[in-house]
Every structure is written in structure tokens, then in C-alpha cells.
Amino acid sequence: MILKVHPDVVAGRKRGYFDRLTAGAAARVWVVGADAHPPSLLEPATAVYTVTSQVGFEALLWGRQVRVFGMPFYAGWGLTQDEIPRLERRKAALPPSLEDLVHATLIDYARYLDPESGQRCAPERLVAWMSLQKRMRERFPLKMHAMRFSRWKKPLVRAFFRVVR
């Protein structure tokens, strides 16, 4: 079992729900406190248990069962197993499909800004921009050598040339 703890909890800036694990639980639980790419956690998972984490929404997108102990935006619509009663306003609405929820969340209610102009734009503009950035980064070879950079510039150069595939 993987227990993903928010990095702010690990840093002591926020309070989590798990102060400590019993010895028996600690032997069966892998605690992840660092930032992690959600697909690396969701791909091997069959179910996700959450309070309000965005990872619960991403788990729905991955087709995983989601059990929720809070009331995030994606809970209470019949798509998750909810442990607290759903909000009255969600009872009146027809239960949306996952596609309806995704469209409402990522298209209807979201506002996107063009990274170059800072102006509001359509989601398709961002997808095109990210695609271009990925193609440009893929032009770099997998292994590069950079020499004679001052110490403070090294992390910037490494980040700039990091190839994400």
C-alpha cells in the first residue's frame, strides 16, 4: 500500500491525517512524502482513498475506484464511494458521467492563460503550446556535457536541458 502524504505536511506547514503508523501498518505501507508524478502512483493502483486530494480526480480519469472521506469537487456525484453525505446542491442535479465532470472541470469552469501573452485563451491553445515545447526539448540528445558554468548556474542549466519524454 502506498500512502501519499502532501509535501506541506512533511515540511510541517500543514497538518495531515496520519501522525504515525503502528509497527504492523508501517511494515505494509510505503510512505511517499516527496512530490510524485501522479501516473507513477496511479498506474499500479486498483483503488485510491483520499480526503480531498486532486489525485482522487486523476484516479477517476485512470479508471480507478475512488473512496473519498471529504467533499472535493469530484465527490458526491455518484462517481466515487463517499463516506460523508453529499451536499444538497449535488442531490438536485442529475448525476453526471465522468465525461461531463471532466468537461465541466477542465473546459467550462477553468480559465486558461496563454503562457506567452498572459491573455486568456482556449485550452486547445495550451495543448498546442505544450506540444511545441515538448517537441523542442526532444531535439536535445539524451546525454549532454556542459563545462565551465559557475556553481549558481549549474541547476538552471540542468533544468533547462532536462529532456522529458
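How many helices and strands does the chain have? Colour your view by secondary structure and you can count eight helices and seven strands. Keep in mind as you go that this is a predicted model.

**Stop 1: the whole chain**

Zoom out until everything fits in the window. Along the principal axes, the C-alpha atoms of the chain fill a box of roughly 60 × 50 × 30 Å. The radius of gyration of the chain is 20 Å, whereas a compact globule of 165 residues would have one near 15 Å. Now switch on a surface. The chain exposes about 12,800 Å², and 58% of that area comes from carbon and sulfur atoms. Buried residues account for 22% of the 165 residues. If you display contacts between residues at least 6 apart in sequence, 25% of them join residues at least 24 apart.

**Stop 2: the three-stranded sheet**

Next, select β3 (residues 47-50), β4 (residues 65-68) and β5 (81-82). These three strands make an open sheet with parallel pairing, in the order β3-β4-β5. β3 and β5 are the edge strands, each pairing on one side only.

Look at the β3 side of the sheet. β3 and β4 run parallel and are joined by four bridges. You can walk along the pairing by selecting facing residues: A47 is opposite Q65, V48 is opposite V66, and Y49 is opposite R67. To see how the chain gets from β3 to β4, add residues 54-61, which are helix α4. The chain passes through that helix on its way to β4, in a right-handed β-α-β crossover.

Then move across to β5. Two bridges pair β4 with β5, again in the parallel sense. Here R67 stands opposite Q81.

**Stop 3: two faces of the strands**

Show side chains on β3 and β4. In a regular strand, side chains alternate between the two faces of the sheet. Which residues of β3 point to the buried face? They are V48 and T50; A47 and Y49 point to the other face and are not buried. In β4, V66 and V68 make up the covered face, while Q65 and R67 make up the uncovered one.

**Stop 4: from the sheet to a salt bridge**

Stay with R67 and add E83. Side chains of opposite charge can pair when their charged atoms come close. E83 and R67 form a salt bridge, with their closest N and O atoms 2.8 Å apart. This pair links distant parts of the chain: R67 is in strand β4, and E83, 16 residues away, is in the loop between β5 and α5 (88-92). Are these two partners buried, exposed or partly exposed? E83 has 34% relative accessibility, so it counts as partly exposed. R67 is partly exposed too, because its relative accessible area is 27%.

**Stop 5: a network around D114**

The structure holds five salt bridges, and the next one to select is R125 with D114. Their side chains meet at 2.5 Å, N to O. R125 belongs to helix α7 (residues 123-137), while D114 lies in the loop between β6 (112-113) and β7 (120-121). The two residues are 11 apart, and they too link distant parts of the chain. Now add E116 to the selection: salt bridges that share partners join D114, E116 and R125 into one network. Colour the pair by accessibility and you will see a contrast. D114 counts as buried because its relative accessibility is 10%, whereas R125, with a relative accessible area of 30%, is partly exposed.

**Stop 6: D8 and R13**

Jump back along the chain and select D8 and R13. The closest N and O atoms of this salt bridge are 2.8 Å apart. R13 has 61% relative accessibility, so it counts as exposed.

**Stop 7: a backbone detail at R148**

For the last stop, go to R148, in the loop between α7 and α8 (154-161). Which residue other than glycine has a positive phi here? R148 does, with a value near 65°. Turn the surface back on and find its side chain: R148 is exposed, because its relative accessible area is 86%.

Terms used. Residues are numbered from 1 along each chain as its sequence is written. This is a predicted model: local features need pLDDT of at least 70, side-chain atom pairs count only at pLDDT 80 or more; totals for chains, interfaces and linings use all residues. Side-chain values use heavy atoms; hydrogens and water are left out. A salt bridge is a side-chain nitrogen of Lys or Arg within 4 Å of a carboxyl oxygen of Asp or Glu. Buried means under 20% relative accessible area, exposed over 50%, partly exposed in between (1.4 Å probe, protein chains only). Two strands pair if DSSP finds at least two bridges between them. A crossover is right-handed if, with the strands pointing away from the viewer, the path from the first strand over the helix to the second runs clockwise. The radius of gyration is taken over C-alpha atoms; the globule rule is 2.2 Å times the number of residues to the power 0.38. Contact means heavy atoms within 4.5 Å. Accessible areas come from the Shrake-Rupley method with a 1.4 Å probe; for residues, only the protein chains shown count as cover.
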